[in-house]
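I opened this model to look up how its chains meet and how their sheets are built. My notes follow in the order I took them.

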Protein chains: 2
Amino acid sequence: MDPPADTPPGTVASEEITPAELQLAARNHGMPLEALRHPITPLGLHYTLIHYDIPAVDPSAWRLELAGRFERSLSLSIDELRERPAVTLPVTIECAGNGRARLAPRPLSQPWLVEAVGTAEWTGTPLAPLLEEAGLLDDAVEILFTGLDRGVEGGVEQSYERSLSVPEACEPQVLLAYQMNGAPLPPQHGFPLRLVVPGWYGMTHVKWVCRIAALAEPFEGYQQAVGYRIYGPGGAPGAQVTRMLPRSLMAPPGIPDFLTRQRFLEPGPCLLAGRAWSGWAPIESVEVSTDGGLTWAPADLDEEVADTAWRGWSHEWDAREPGAYELCSRAVDAAGNRQPTAGAWNLKGYANNAVERIPVTVRSPEPG
Amino acid sequence: MDPPADTPPGTVASEEITPAELQLAARNHGMPLEALRHPITPLGLHYTLIHYDIPAVDPSAWRLELAGRFERSLSLSIDELRERPAVTLPVTIECAGNGRARLAPRPLSQPWLVEAVGTAEWTGTPLAPLLEEAGLLDDAVEILFTGLDRGVEGGVEQSYERSLSVPEACEPQVLLAYQMNGAPLPPQHGFPLRLVVPGWYGMTHVKWVCRIAALAEPFEGYQQAVGYRIYGPGGAPGAQVTRMLPRSLMAPPGIPDFLTRQRFLEPGPCLLAGRAWSGWAPIESVEVSTDGGLTWAPADLDEEVADTAWRGWSHEWDAREPGAYELCSRAVDAAGNRQPTAGAWNLKGYANNAVERIPVTVRSPEPG
């Protein structure tokens with residue numbers, strides 16, 4: 001939708017960031033874009049968005065409880081989960097709020113620019129067989145995942161929780177993960193157990209999962225009914241935020257200025273490279289522009305590593321002419337979703353997949 | 001020094017954060033304060049401050065070069081460094097700019113609140129024997145460390161580099177580290193090799209070290225002569241930034257509001273706990289206030305783990321009375337340095353170790 005002419009409650013018109021947003025930005029962090037060089041994001045570079053505090057967990061006391069519309073309740077230790085069949089999947093996860101700080105007026109929340117993404121190798125046990133073992137009853141319509149993280153949001157004290165429909169939860173790639181890049185989950189990524197739902201924005205991948213409930217009615221809790229909805233400027237909650245829209249990002253070439261992050265490169269050939277992903281379908285093509293989107297050239301796609309992970313791309317740029325350039329890339333997926341020049345505005349700032357612009361200066365050759 | 005009444009160049013009067021600062025805050029990150037519960041900060045939670053980009057390093061091609069005022073040059077592979085005697089030390093490192101965003105007017109740079117700290121177990125080989133092996137000449141006065149990270153700062157293109165005096169560099173605890181918490185250094189912490197200089201602010205612990213030079217004259221490069229100096233409001237570079245001033249931080253009790261980070265706790269006993277450190281001398285005492293600094297009570301200090309790492313502390317707070325409180329802690333070191341209520345202002349915002357204030361609300365007991 002188009003941005004409103006006024007400043008609805010919960011948004012600010014100024015480009016400047018409020019002290020409340022800074023507190024969030026100092027805690028949470030994106031992936032520095034040069035880390036796009038890694039097909040699997042190294043530990044500590046993957047984005048993190050933590051609603052409340054990272055909970056303290058004693059793994060020997062921790063249990064996963066399955067309750068609700070099952071034939072039998074289950075209570076499993078982390079060792080019992082590790083003894084189940086294990087799967088390792090590379091999965092790209094992007095925060096639903098990525099791109100929020102590029103919207104005007106800007107929704108007040110974590111002020112992401114474009115870095116809220118990462119791809120890890122998640123190891124865990126598939127969820128569906130566990131639901132089957134507990135005897136999911138026919139009247140169950142949703143599966144609810146509850147985390148140990150607790151706080152207040154929109155005036156409501158809550159544990160973080162989100163649901164999936166039964167068919168979504170039973171997709172074979174949905175995992176209960178206990179390892180990230182081959183190591184136990186770090187505290188900030190959900191130790192000892194998190195949900196991984198390939199293709200979906202990050203809010204679905206519930207961290208610090210301690211309870212899985214089968215529900216006979218759709219879940220109407222805060223993060224489902226109030227949060228993570230596409231709101232219009234008038235404040236009515238619209239569609240749920242679900243799968244990731246296509247996005248391509250470029251590892252910025254050249255060297256940066258510390259404060260402004262303006263970039264400089266020497267004249268000559270320059271390999272532009274990055275990664276693109278979509279939660280709806282495989283990436284079909286990536287295009288690159290060096291003139292701010294006036295003209296576009298196709299990028300070469302790397303081999304697909306997995307249908308759950310981003311796809312590498314590259315493009316040889318002949319950067320022999322000194323001057324100022326604006327580099328962009330954009331992705332199209334096989335379902336026909338195209339990354340737009342300007343993102344759709346919504347009141348909470350979700351799913352803004354607008355094309356990123358990277359200004360660079362190609363320097364004049366050194367004299368002599 | 002006192003803050004200036006006007007707004008010197010390079011500072012802003014507003015509490016709001018500029019888009020340039022947000023770009024830095026989205027890349028770099030602090031340690032969420034609840035991670036103070038860990039004596040050794042888990043990977044990914046330690047603060048990072050990266051001036052330019054994280055460099056791409058091929059470890060098989062990488063060499064450490066020793067050159068300058070040595071009897072002989074050395075060129076060492078990472079395997080050759082790993083074969084040398086190894087030491088593991090827990091070391092607390094804090095960014096010199098920690099606390100910058102609490103100053104008014106605010107110096108324009110990475111807008112740290114108070115989270116720019118972490119303690120890792122660094123494994124590496126002591127520097128002094130390597131300098132001896134290369135035959136450090138008598139006329140050498142400083143050792144210069146050059147990183148692979150390159151960018152522009154203050155209009156000067158540069159590789160990040162910093163020097164130490166020969167006696168400082170030859171301290172036995174100074175390490176060339178290749179492991180962090182038992183794993184190879186992550187890219188963002190200096191892979192494959194970084195300098196670790198216990199007690200000093202982070203700018204000294206040069207990451208991605210590729211060259212060590214012995215100098216017959218003091219180094220006058222940007223990060224030594226222009227950056228990391230205590231400037232007055234008039235713009236004259238004063239003393240160098242060196243060792244960490246004492247600071248205590250508290251793991252915030254209770255649960256937070258997502259956006260405001262306001263905190264709520266149930267009435268009853270509450271164990272306040274945190275960690276304190278100083279680069280000048282061991283921590284001698286920590287005091288806690290629950291009334292915004294009007295009155296103070298001594299905290300209990302945990303056993304010292306190492307003289308290179310922060311010291312845990314705790315204090316039992318009887319939080320039975322509902323109401324609003326402001327929690328503070330402050331540290332004193334054995335050299336007599338005391339953490340101040342208000343930090344000293346300086347033009348680049350270094351070494352602001354003012355006492356942190358955590359507002360919390362103790363709720364009324366649930367009726368019934």
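**Entry 1: the contact**

I began where the chains touch. Chain B gives 50 residues to the contact and chain A gives 50 residues. I count two residues as in contact if their C-beta atoms, placed from the backbone, lie within 7 Å. On the side of chain B that touches chain A, the elements giving two or more residues are helix 1 (19-27), strand 7 (142-153) and strand 16 (255-256) of chain B. Helix 1 of chain B supplies the largest share, 7 residues. Helices and strands here are DSSP runs numbered from the N terminus: H or I over at least four residues for a helix, E over at least two for a strand.

Next I sorted that side of chain B by residue type. I found 28 nonpolar, 11 polar and 11 charged residues. Nonpolar means Ala, Val, Leu, Ile, Met, Phe, Trp, Tyr, Cys and Pro; charged means Asp, Glu, Lys and Arg; the others, Gly among them, are polar.

A note on the source: this is a predicted model, where local features need pLDDT of at least 70, side-chain atom pairs count only at pLDDT 80 or more, and totals for chains, interfaces and linings use all residues. Residues are numbered from 1 along each chain as its sequence is written, while chains are lettered from A and ligands numbered from 1 in the order in which they are written.

**Entry 2: the symmetry**

How is chain B superposed on chain A? A rotation of 180 degrees does it, with 0.0 Å of shift along the axis and an RMSD of 0.0 Å. The two copies are therefore related as by a two-fold rotation axis. Both copies use the same surface, and 100% of the contact residues of chain B recur in chain A. The superposition is by least squares on the C-alpha atoms of residues with pLDDT of at least 70 in both copies.

I then asked which residue of chain B comes closest to the rotation axis. That is Gly44(B), with its C-alpha at 1.8 Å.

**Entry 3: chain A overall**

I counted 5 helices and 24 strands in chain A. The C-alpha trace spans about 80 × 45 × 40 Å along its principal axes. The radius of gyration of chain A is 22 Å, which agrees with the value near 21 Å for a compact globule of 368 residues. It is taken over C-alpha atoms, and the globule rule is 2.2 Å times the number of residues to the power 0.38.

Of the 368 residues of chain A, 49% are buried. Buried means 20 or more other C-beta atoms within 10 Å of the residue's own, exposed means 12 or fewer, and partly exposed lies in between; C-beta atoms are placed from the backbone. Among contacts in chain A between residues at least 6 apart in sequence, 73% join residues at least 24 apart.

**Entry 4: helix 1 and the loop after it**

In helix 1 (residues 19-27) of chain A, I found Glu21(A), Leu22(A), Leu24(A), Ala25(A), Ala26(A) and Arg27(A) buried. The buried residues of this helix pack against helix 1 of chain B.

Ala56(A) sits in the loop between helix 1 and strand 2 of chain A. Is Ala56(A) buried or exposed? It counts as exposed, because it has 12 C-beta neighbours inside 10 Å. Ala56(A) and Leu148(A) are 92 residues apart in sequence, yet 8.8 Å apart in space, C-alpha to C-alpha.

**Entry 5: the sheets**

In chain A, 5 strands form an open sheet in the order 3-2-12-7-8, with mixed pairing. Strands pair if DSSP finds at least two bridges between them. The edges are strand 3 (74-76) and strand 8 (156-165) of chain A, each paired on one side only. Strand 2 (residues 64-68) of chain A runs antiparallel to strand 3 of chain A, joined by 3 bridges. Glu65(A) has Ser75(A) as its bridge partner in strand 3.

I also checked strand 6 (residues 117-126) of chain A. Of its 10 residues, 8 are buried. Strand 6 pairs antiparallel with strand 4 (residues 87-94) of chain A over 8 bridges, and Glu94(A) stands opposite Val117(A). Another 5 bridges join strand 6 to strand 9 (residues 175-180) of chain A, also antiparallel. There, Trp122(A) has Met180(A) as its bridge partner.
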